[in-house]
Amino acid sequence: MSYEEDDRVVLSDAHSDYDGQEGRVTQVMETMFGDATYTVSFEDGQETGIPEDDLQPADDEEE
């Protein structure tokens, strides 16, 4: 699944300080291999270069 700017996502990366947190996609970048990486902003910071496989859609019920 690909994401677009302003999509709400949950990060799944055990090596990240933001693992399990919900954030918002702020930038989508395409690599030279045609894959997308994402910049996601969280309440207390942001993470860049996140591969699509490390993201899941956030539950809409939490709004």
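With which side chain does the side chain of Arg-8 make a polar contact? In this predicted model, the partner is Glu-22, and the two side chains meet at 2.7 Å. A further contact involves the backbone: the side chain of Arg-8 also reaches the backbone oxygen of Asp-59, here at 2.9 Å. Arg-8 itself belongs to strand 1, which covers residues 8-11. Is this residue buried or exposed? With a relative accessible area of 15%, Arg-8 is buried, because the cut-off for that word is under 20%.

It helps to step back next and look at the sheet. Strands of a sheet pair through backbone hydrogen bonds, and the pairing can be parallel or antiparallel. Here, 5 strands come together in an open sheet, and their pairing is antiparallel. Reading across the sheet, the order is 4-3-2-1-5. Strand 4 and strand 5 (55-57) lie at the edges with a single partner strand each, so one side of each has no neighbour in the sheet. From one strand to the next, the twist averages 45°.

One pairing in this sheet can be followed in detail. Strand 3 spans residues 36-42 and strand 4 spans residues 45-51, and 5 bridges link the two in the antiparallel sense. Between strand 3 and strand 4 the chain passes through a hairpin of 2 residues. To find a pair of facing residues, look for Ser-41, which stands opposite Gln-46 of strand 4.

How values were computed. Residues numbered from 1 in each chain as written. Predicted model: local features only at pLDDT ≥ 70, side-chain atom pairs only at ≥ 80, totals over all residues. Heavy atoms only, no water. Helix = DSSP H or I, 4+ residues; strand = E, 2+ residues; numbered from the N terminus. Buried < 20%, exposed > 50% of the residue type's maximum accessible area, 1.4 Å probe, protein only. Polar contact = N/O pair within 3.5 Å; in protein donor to acceptor, adjacent residues only side chain to side chain. Pairing = 2+ DSSP bridges. Axes fitted to C-alpha atoms, helices over the stretch in contact; angles between N-to-C directions.
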